Amino acid sequence: RPTTPAAIEALHRAGVRVAMITGDNRRTAEAVARHLGIDDVLAEVLPAGKAAAVKALQAGGKRVTFVGDGINDAPALAQADVGVAIGAGTDVAIEAADVVLMADGLGGLVAARQLSAATLRNIKQNLFWAFAYNVVLIPVAAGVLYPVTGTLLSPVWGAVAMGLSSLFVLTNALRLRRFQP
């Protein structure tokens, strides 16, 4: 597909090693891999061998994302740490996958990785702010300031502060709706 070279280049920039597991002839597969900049090639692999190839990569301590679209890819999609089916693929591949890309091509894989990273950053931010809020304001609500300043936090203000905290976390999470890969 025309978008494949750019997608592979983007994956390389992200530090991802790209391998191709195919049933095609070794010479053909290696020529395609050289043209696209694919790092590793496993060619002339039978359909059942794709899952075994994924398992071998995992045994080497690697986390494996497998992208496929056919019936013969379903076992490898299920074996992979993350199975990604191309939306135009077979129902079996789509059922076996963890993620389904609605558009053809690997460009969606790059966007999905970027969205995943943005989501994890957002979760960490929300956990930090929720934790910081609780560390600071729960002792105040419990009366820690009373011996020093004579101030007690009204339960109404405690409820308002809790609502504002939830609103802040929700608003931060909603920023992901504007995500652009």
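**Close-up views of helix packing, a pocket and a loop residue**

**View 1. Helices α1 and α6 are roughly parallel to each other, because angles under 35 degrees count as roughly parallel and the angle at which α1 and α6 pack is about 30°.** In this predicted model, the axes of the two helices lie 8 Å apart. On the side of α1, the contact is made by A7, A10 and L11, and these residues meet G107, L109, V110 and R113 of α6. Sorted by character, the residues of the contact of α1 with α6 comprise five nonpolar, one polar and one charged.

**View 2. Helix α6 (residues 107-142) packs against helix α8 (residues 155-174), with axes that come within 9 Å and cross at roughly 170°.** This angle makes α6 roughly antiparallel to α8, since the cut-off for that description is an angle over 145 degrees. The crossing in which α6 passes α8 is right-handed. From α6, the residues that make the contact are N122, Q125, N126, W129, Y133, N134 and L137, while α8 contributes G158, A161, M162, S165, F168, V169, N172 and A173. The residues of this contact of α6 with α8 divide into eight nonpolar and seven polar, with no charged residue among them.

**View 3. The largest pocket of the predicted model has a volume of about 1800 Å³.** Its lining is formed by 48 residues, and of these A19, T65, F66, V67 and L109 lie nearest the centre of the pocket. Several elements each supply at least two residues of the lining, namely the helices α1 (4-13), α2 (26-36), α3 (47-59) and α6, together with the strands β1 (19-21), β3 (65-68) and β4 (82-86). The largest share of the lining, nine residues, comes from α6. By character, the lining of the largest pocket consists of 28 nonpolar, nine polar and 11 charged residues. L109, one of the residues nearest the centre of the pocket, also takes part in the contact of α6 with α1 shown in View 1.

**View 4. Residue E44 is placed in the loop between β2 (40-42) and α3.** The backbone of E44 has a phi near 55°, which is a positive value in a residue other than glycine. As general background to this view, most residues other than glycine have a negative phi. The helix that follows the loop of E44, α3, is also among the elements that each supply at least two residues of the lining of the largest pocket in View 3.

Notes:
Residues are numbered from 1 along each chain as its sequence is written. This is a predicted model: local features need pLDDT of at least 70, side-chain atom pairs count only at pLDDT 80 or more; totals for chains, interfaces and linings use all residues. Side-chain values use heavy atoms; hydrogens and water are left out. Axes are lines fitted to C-alpha atoms, for helices over the stretch in contact, and angles run from 0 to 180 degrees between N-to-C directions. Helices (H or I, at least four residues) and strands (E, at least two) are DSSP runs, numbered from the N terminus. Angles under 35 degrees count as roughly parallel, over 145 as roughly antiparallel, 65 to 115 as roughly perpendicular and the rest as oblique. A crossing is left-handed if the near helix is turned anticlockwise from the far one by less than a right angle, and right-handed if clockwise. Contact means heavy atoms within 4.5 Å. Ala, Val, Leu, Ile, Met, Phe, Trp, Tyr, Cys and Pro count as nonpolar, Asp, Glu, Lys and Arg as charged, and the others, Gly among them, as polar. On a 1 Å grid over the protein atoms alone, a cavity is a set of points where a 1.4 Å probe fits but cannot get out, and a pocket is an open set with protein on both sides within 12 Å along at least five of seven lines; lining residues have an atom within 4 Å of a point. Grid points are joined across faces, edges and corners, and a volume is the space filled by probe spheres set on the points.
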